[in-house]
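Q: Please take me slowly through one part of this model, a strand with its partners and the loops beside them. I would like each technical term explained when it comes up.

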Amino acid sequence: MVSLLGNTFDPNTEIPDLSGKVYIVTGRSAGIGFGIVAHLLQHNPEKIYLLSNKEEHAEEAQQELAKKWGDASKVEWRQCNLESLKQTDETARNLANELTRLDGLVCNAGLGVGVYNESEDKLDTHMQINVFAQAHFILTLLPVLRKTKDSRIVSQSSDLHRAAPASTKFESIDEMNQDICPMYLYNRTKLAQILFSSELLKRIKAGQFGAVTETEALPWINCMHPGGIKTDQQFQAEEAYGSLGKIGSRLVRPFLADPVDQGCRAALFATTSPDIVTEQVQGAYIVPESKPTDPSNQTKDEILSANLWRLTKEILESKIGNLGYTM
Ligand SMILES: NC(=O)c1ccc[n+]([C@@H]2O[C@H](COP(=O)([O-])OP(=O)(O)OC[C@H]3O[C@@H](n4cnc5c(N)ncnc54)[C@H](OP(=O)(O)O)[C@@H]3O)[C@@H](O)[C@H]2O)c1
């Protein structure tokens, strides 16, 4: 994709005034999610819903936000363990019922390179947390996003999507529930996030969720890579790869960027910048800080994205039941 945009985005000065705007961010106290929430708060939104699992992280975030970033009472934490589709569904439906507008949904929460586990829904936790649960969030909140002018759906992918296994088909739960190694488990989810976003965009445009009109609009749907960022994700890799992981992580960490200064920039560009609208940045893969870039060929495979959509539908329908939307 040819970019007319530059490659910088300073959230301190380039996020416009967010008065009246409402955001949902999945994320927490110290990682990239915190950086995203902090800079949104810095620019005076109406409300930010911060969704994560661990209460202690949310409390720390609240304290840090109050110290430096603005009126922390505008940030409301909702506990949502994405490992539980039942709890994800409850949180998503509550928000969908409560909100009259939603300017941005930032799907940032995620497991990093890490060991294979299965969730209470009997699914690979990497695919459940990073992809299926957040897909349900997006689809449940889609009506309110579509009612809000120039709303954004933002998914925090990674350049590691380029190293997803070539054998990936997204054909069945059995295929997902294989321990294919910590790195591949992660990379596969980052590929899936881009595929899901492009399939969603295609289906909204085609009218699957109702005609696209001025009042029922098409949100700006983009994915990004945040950069190599110093967060707890490296500790997950250490756990997965033992001493080798520890050595790798210690070698790499000094060169990684800060999540609050740097790691949040591409996501904040996609979530708030007027350039997204003026330059029509739609269905893009953005690399730091604001550059739409060509993702891997696997992300353009229409069979893969159709398979992933079908599998997501099968999983959500079988684990949640009545979804409240038709996939
Ligand atoms: N760090 C990097 O270099 C890098 C590079 C490329 C992409 N990314 C992506 O950036 C995003 C943020 O990562 P990060 O580096 O900031 O890592 P992080 O500090 O480990 O943050 C991960 C977030 O995911 C949340 N999460 C994990 N499991 C959850 C669950 N079961 N339910 C709800 N929330 C859950 C955590 O919430 P709790 O507070 O509840 O634990 C935390 O907010 C991820 O999607 C990651 O893949 C990071």
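A: Asp150 lies in the loop between helix α5 (residues 125-147) and strand β5, where helices (H or I, at least four residues) and strands (E, at least two) are DSSP runs that are numbered from the N terminus. Residue numbers themselves start from 1 along each chain, in the order in which its sequence is written. This is a predicted model, in which local features need pLDDT of at least 70 and side-chain atom pairs count only at pLDDT 80 or more, while totals for chains, interfaces and linings use all residues.

The phi angle of Asp150 is near 55°, which is a positive value in a residue other than glycine. Asp150 counts as partly exposed because 13 other C-beta atoms lie within 10 Å; a residue is called buried if 20 or more other C-beta atoms lie within 10 Å of its own, exposed if 12 or fewer, and partly exposed in between, with the C-beta atoms placed from the backbone.

A second residue of this kind is found in the loop between β5 and α6 (173-176), and it is Phe170. Phe170 also has a positive phi, of about 55°, although it is not a glycine. Its surroundings are described by a count of 24 other C-beta atoms within 10 Å, and therefore Phe170 is buried.

Strand β5 (residues 152-156) is joined to β6 by 5 bridges, and the two strands run parallel; strands are said to pair if DSSP finds at least two bridges between them. Within this pairing, Ile153 stands opposite Ile221 of β6.

Strand β6, made of residues 220-224, is mostly covered, with 5 of its 5 residues buried. Trp220, Asn222 and Met224 point one way from β6, while Ile221 and Cys223 point the other way, and all of them are buried.

Strand β7 (residues 285-287) is also a parallel partner of β6, joined to it by 2 bridges. Here Met224 of β6 stands opposite Ile286 of β7.

After β7 comes a special peptide bond: the one from Pro288 to Glu289 is cis, with omega near -5°. Glu289 is found in the loop between β7 and β8 (291-293).

Ile286 and Glu289 lead on to a helix residue, Phe269, since Phe269 touches Phe9, Ile286, Glu289 and Ser290 when residues up to four places away in sequence are not counted. Touching, or contact, is judged here by C-beta atoms placed from the backbone, which must lie within 7 Å of each other. Phe269 has its place in helix α10, which covers residues 265-272. Because it has 27 C-beta neighbours inside 10 Å, Phe269 counts as buried.

Taken together, the path runs from the loop of Asp150 into β5 and across its parallel bridges to β6, then from β6 to β7, and finally from Ile286 to its contact with Phe269.

Note on methods. Two residues are in contact if their C-beta atoms, placed from the backbone, lie within 7 Å.
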